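Let us take a walk through this fold together. Keep the viewer open and turn the chain as you read.

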Amino acid sequence: MKFLIASDLHGSAGACRRLMERFNQERAQTLILLGDILYHGPRNPLPESYSPKDAADILNSKADKIFCIRGNCDADVDQAMLRFPITAPQALIYADSMAWFLTHTSGIGNPPPMGGIDVILEGHTHIPLLSRSGTVIHLNPGSVSLPKGGFPATYAVYENRAFTIYDMAGAVVSTLEIG
């Protein structure tokens, strides 16, 4: 099982194209999107090649392979453009006998009040993060279109019980193996 994990596309058709290229090159089975898909948000600049309609068309070409949660910049009208659901602000999935909590905001600094979570995936900050706190792995893949904190545009991959954050050229930024 191989997942490509990305967040904060913010309507950049160019970033969506590059992400789909990476998805195909990585040969991932599923693309997990952690919110902020089509709209750039009032606090962000317009991303390069901003075109929400084109971004939606690009993503819709892989709709059957996308699992997505809703970000703070996603709206009901965005769902009308997309052929995969983005209505849930959080999700709990199971992979490799681990419970993964997916959220756009407040997962890493404020984990859910439930036990048994092994992995927390979060977007929103546009800054890549891969760490372990006790037994819980925390991952933020950064942003594909509007990176912050001096980082390049990044995404993450999960395969063979390891998480790796890559820049969009495919260079490793960070990696963490699960024991």
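What follows is a short tour, from the overall shape down to single residues.

## The chain as a whole

This is a predicted model. The chain holds three helices and eleven strands, and from the N terminus on its elements run β-α-β-α-β-α-β-β-β-β-β-β-β-β. Taken along the principal axes, the C-alpha atoms fill a box of roughly 40 × 35 × 30 Å. A compact globule of 179 residues would have a radius of gyration near 16 Å, and the chain, with 15 Å, agrees with that.

Of the 179 residues, 55% count as buried. Among contacts with a separation of 6 or more, 56% join residues 24 or more positions apart.

## Helix H1 and its surroundings

Helix H1 is a good place to begin, with 14 residues, 13-26. At 1.5 Å a residue, H1 should span 20 Å, and the end C-alpha atoms are indeed 20 Å apart, so the expected and modelled spans agree.

Which residues of H1 are buried? They are Ala13, Gly14, Ala15, Cys16, Leu19, Met20, Arg22, Phe23 and Glu26. A general point helps in reading such a list: an α-helix has 3.6 residues a turn, so residues three or four places apart point the same way. The buried residues of H1 pack against strand S1 (2-6), strand S2 (30-33), helix H2 (52-60), strand S9 (154-159) and strand S10 (162-167).

After H1 comes Arg27, with a positive phi near 55°. Ala28 then sits in the loop between H1 and S2. Is Ala28 buried or exposed? Its relative accessible area is 10%, and because buried means under 20%, Ala28 counts as buried. Leaving aside neighbours within four places in sequence, Ala28 is in contact with Lys2, Phe3, Leu4 and Phe23. As a gauge of distance, Ala28 and Arg83 are 55 residues apart in sequence and 19 Å apart in space, C-alpha to C-alpha.

## Helix H2 and the nonpolar cores

In H2, the buried residues are Ala55, Ala56, Ile58, Leu59 and Asn60. Their cover includes H1, S2, strand S3 (66-68) and helix H3 (76-81).

The largest nonpolar core has 30 residues, and those with the most contacts inside it are Leu4, Leu19, Leu33, Leu59 and Phe84. At least two residues of this core come from each of S1, H1, S2, H2, S3 and S9. Which element gives the most to this core? That is H1, with six residues.

Leu59 is worth a closer look. Apart from neighbours within four places in sequence, Leu59 is in contact with Leu9, Cys16, Met20, Leu33, Ile37, Ile66 and Phe84. There is also a second, separate core of 22 residues, which includes Ile32, Leu34, Leu130 and Ile178.

## The five-stranded sheet

An open sheet of five strands has the order S4-S5-S6-S8-S7, and its pairing is mixed. Strand S4 (90-95) and strand S7 (128-133) are the edge strands, each pairing on one side only. From one strand to the next, the twist averages 15°.

In general, strands of a sheet pair through backbone hydrogen bonds, either parallel or antiparallel. S7 and strand S8 (residues 136-141) pair in the antiparallel sense, over six bridges. Leu130 has Leu139 in S8 as its bridge partner, and Leu130 is also one of the residues of the second core.

## Two loop residues with positive phi

Most residues other than glycine have a negative phi. Asp36 and Asn160 depart from that pattern, with positive values, and the table sets them side by side.

| Residue | Phi | Loop | Relative accessible area |
|---|---|---|---|
| Asp36 | near 55° | between S2 and H2 | 2%, buried |
| Asn160 | near 50° | between S9 and S10 | 65%, exposed |

Why does Asp36 count as buried? Its relative accessibility is 2%, and the cut-off for buried is under 20%. Asn160, in the loop between S9 and S10, has a relative accessible area of 65% and is exposed, since exposed means over 50%.

Conventions:
Residues are numbered from 1 along each chain as its sequence is written. This is a predicted model: local features need pLDDT of at least 70, side-chain atom pairs count only at pLDDT 80 or more; totals for chains, interfaces and linings use all residues. Side-chain values use heavy atoms; hydrogens and water are left out. Helices (H or I, at least four residues) and strands (E, at least two) are DSSP runs, numbered from the N terminus. The expected span of a helix is 1.5 Å times one less than its number of residues. Buried means under 20% relative accessible area, exposed over 50%, partly exposed in between (1.4 Å probe, protein chains only). Contact means heavy atoms within 4.5 Å. Two strands pair if DSSP finds at least two bridges between them. Axes are lines fitted to C-alpha atoms, for helices over the stretch in contact, and angles run from 0 to 180 degrees between N-to-C directions. A nonpolar core is a set of buried Ala, Val, Leu, Ile, Met, Phe, Trp, Tyr and Cys residues joined through side-chain atoms within 4.5 Å. The radius of gyration is taken over C-alpha atoms; the globule rule is 2.2 Å times the number of residues to the power 0.38.
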